Amino acid sequence: MTVSTGEAKVALRARRPPALVAGGALVVALCAVAVLHLSLGAAGVGLGDLIAFATGDADAGAEAVLLGSRLPRTLAGLASGIALGVAGALIQGSTRNPLGAPDTLGVNAGAYFAVALAAYLGLETGTLLSGGAAFLGGLTAAAIVYLLTARGVLTPGRLLLAGACVTLGGMAGAEFLQLIDQPGTRGVFLWGNGTLLQSGLDRPLTIGAVILAAALLAPALARPLDVLALGDDTAESLGVRVARTRVLSWLLAVLLAAAAVTLTGPIGYVGLMAPVAVRRLGVRRHLALLPLAGLGGALLVLAGDAAARLALPPSAGFGELPVGVVTALIGGPVFVLLARRTRTGDADAGAAVAVTAPPRGPRYAAVLAGGLLALAAAMLVGLRIGDVDVSWGGVLASLTGSGSEADGAVVFYRLPRILVAAMAGAVLAVAGAAVQSVVRNPLAEPGFLGVTAGASAGAVLLISVLPGAPAALIPVFASVGGILALIVVIAIARDRHGLDPTRVVLVGLGVAVTMSAVTNMMVVAEQMSVSAALTWMAGSTYARDATTLGWLVVPALAAVLFALSARPVNMLALGDDLPRALGLNLGRARLLALLAGAVLAAGAAAAVGNVGFVALVAPHLARRLAGGATARLVPVAAVLGAVLVVAADALGRTLLAPVEIPVGIMTAVLGTPYLIWLMRRTPTA
């Protein structure tokens, strides 16, 4: 009998669902972190005051601190964490993609842009109406991602790339709107990176009620999501309406993510990490997974915020570190590891977005001449327009030395800046051509591969550690940071089958996020000017002079050497076997091409900061106009890149003069529609 009872106990223990154990552990951990979170702060209100408050014995001062700031902050973390965790579980379950989350699919960015737009338009929206705007923005972003993937095979890689496109566009649009309001820059930096700061209990309680109601609806989708994990066809045969399940899951996920963005701003990677962590604990069924992912999300947000306040306490003179920076610092490597293991679905098809159309248009010389004429026209327009207009005659007379003193002062003040923009655009375009020649993916621009973010981190590291160092060292550190980031991406993305083009981009995105989080932490730790740092990281040609031109000499030489290496670079497009048969050392050729791309991109980042899309758009346009041969592609791409950056610089100086829009934001705003069009052009990839 005794033996029988013991066996029964063993059997019962073996059958015990892991959800109970995991849920219990999460609840205990969350309570502990919440108590710690409530006890942190500079007001001298500690654990004893917290206990006194719970028993009703707290003094008036401690009660005011807890009710006025501590409790709202903790409730905001709990609510946003639950919302993001449940939203991530819904998206991952409906797409069968462990990398799916509100931020990786662009939902957070869409909601962020909508809230920024409402604020820019001066709409007095209030909490709930602001949440409604965020919901519409997130829903629009989700619809764009759906349209980008609806015509082709819904591979995980393609879905994530579509989300990356929408995220870049949404974030760039929001920054574009917010940088117009310079006095609000500090608040933008905090809210735009996700912060739990609250001014009272009203918003956390109101939005928290919405989140709670939406989260309670989620378990109704648990069974169809479980069946959907078996595949669309199997799920349909078992009676699950797949399309309806996906739509309902996405609607609920968008609602939750929008509520979280409204409350705390976009907190990245919580929706990615929380469901994955719960699955790693052995919980698979969505009836348990959904609530536990919510608890896990809340734990991540509160723990991240507590860690930030302990590591860089504002009471010690550090700036407020947004919790979104901490979650990105943790989530970036998690995303990289998941991308490393994920089957993108593009390995056999090659590039996620392929350019198959043959070269068209006029002869090569005419194309190059047309590009040079466009560059000359863009530079003349750039010299003429701005916060102070100069007539055409005044520009030409100044350039020939016969103009008035006033016109000459304006023209020769603008000229170095425009030359910097042209050179930076040219080397960025060649950098894109170099990286794409190796990865064989038109989306593989240096910004997507973490090179630009690595360069930014290297430059900010120098400024932080050695503030008195010569400015000439900035491009050196930027180049080293960019090259190291690219080496890390290639090393992680490579497997025994080689380089899957989409996996390289996904790993690069994860590395870029991590590097950006590191840069943000250095900005806060060193109390650098947030406004200046934001402008530099967004990419700017403001106040660039002839000295900056010197920084671009080495990248320009690298561009020339790359163009002269046309034969081995062309052979890289032929795969592995044929180049080896023709005597090419494939590994060395790829490494040299990637190093050239890193030097080019990092040099440009050191000169003008993070300017995106040029390295993607210019080589693609050049390939369509002049074909894929490197000797022809590189000059045309360089000219087109220069035209893009000079034109973006002129627009940025003119649209809202005297307020300047950073050139990186202008290129992102102009480049995102092109990127979306590019993905739509290749539905079968």
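Cysteine 31 is partly exposed, with a relative accessible area of 47%; here buried means under 20% relative accessible area, exposed over 50%, and partly exposed in between (1.4 Å probe, protein chains only). This is a predicted model, so local features need pLDDT of at least 70 and side-chain atom pairs count only at pLDDT 80 or more, while totals for chains, interfaces and linings use all residues. Residues are numbered from 1 along each chain as its sequence is written, and side-chain values use heavy atoms, with hydrogens and water left out.

Cysteine 31 sits in helix H2 (residues 18-39); helices (H or I, at least four residues) and strands (E, at least two) are DSSP runs, numbered from the N terminus. Its C-alpha is 8.8 Å from that of leucine 299, although 268 residues separate cysteine 31 and leucine 299 in sequence. Another long-range pairing involves alanine 303, which is found in helix H14. The C-alpha atoms of alanine 303 and alanine 32 are 9.8 Å apart, with their positions 271 residues apart along the chain. Like cysteine 31, which is partly exposed, alanine 303 is partly exposed, at a relative accessible area of 32%. Over in the loop between H2 and helix H3 (47-55) lies glycine 46, again partly exposed, at 23%. Glycine 46 and alanine 62 are 16 residues apart in sequence, and 8.9 Å separates their C-alpha atoms.

Next, the helices themselves. In H18 (residues 405-439), 35 residues should span 51 Å at 1.5 Å a residue, and the end C-alpha atoms are indeed 51 Å apart; the expected span is 1.5 Å times one less than the number of residues. H18 still has a kink of about 25° at leucine 415, shortly before proline 416, the bend at a residue being the angle between axes fitted to the seven residues ending there and the seven starting there. Most of H18 is covered, with 26 of its 35 residues buried. For H9 (residues 202-217), the 16 residues should span 22 Å, and the 23 Å between its end C-alpha atoms agrees. Buried residues in H9 include Pro204, Ile207, Gly208, Ile211, Ala214 and Ala215. An α-helix has 3.6 residues a turn, so residues three or four places apart point the same way.

H12 has 23 residues and reaches 33 Å from its first C-alpha to its last, close to the expected 33 Å. H12 is mostly covered too, as 17 of its 23 residues are buried. Just after H12, glycine 265 takes a positive phi of about 80°. Tyrosine 269, in the loop between H12 and H13, also has a positive phi, near 75°, despite being a residue other than glycine.

That tyrosine turns up again in the ring search, which finds 1 aromatic pair in the whole structure. Tyrosine 269 and phenylalanine 335 meet edge-to-face, at 5.9 Å centre to centre and 80° between the planes. Rings of Phe, Tyr and Trp (its six-membered ring) pair if their centres lie within 6.5 Å; planes under 30 degrees apart count as stacked, over 60 as edge-to-face and the rest as tilted. Tyrosine 269 lies in the loop between helix H12 (242-264) and H13 and phenylalanine 335 in helix H15, so the pair ties together parts 66 residues apart in sequence. Both partners are tucked away: tyrosine 269 is buried at 10% relative accessible area, and phenylalanine 335 is buried at 4%.

Finally, the largest pocket holds about 620 Å³ of space. Of its 22 lining residues, the closest to its centre are Gln92, Pro98, Val276, Arg279 and Arg284. On a 1 Å grid over the protein atoms alone, a pocket is an open set of points where a 1.4 Å probe fits, with protein on both sides within 12 Å along at least five of seven lines, and lining residues have an atom within 4 Å of a point. Grid points are joined across faces, edges and corners, and the volume is the space filled by probe spheres set on the points. Helices H4 (60-95), H13 (270-280), H14 (286-311) and H15 (323-341) each supply at least two lining residues, and H13 gives the largest share, 5 residues. The lining divides into 10 nonpolar, 5 polar and 7 charged residues, where Ala, Val, Leu, Ile, Met, Phe, Trp, Tyr, Cys and Pro count as nonpolar, Asp, Glu, Lys and Arg as charged, and the others, Gly among them, as polar.
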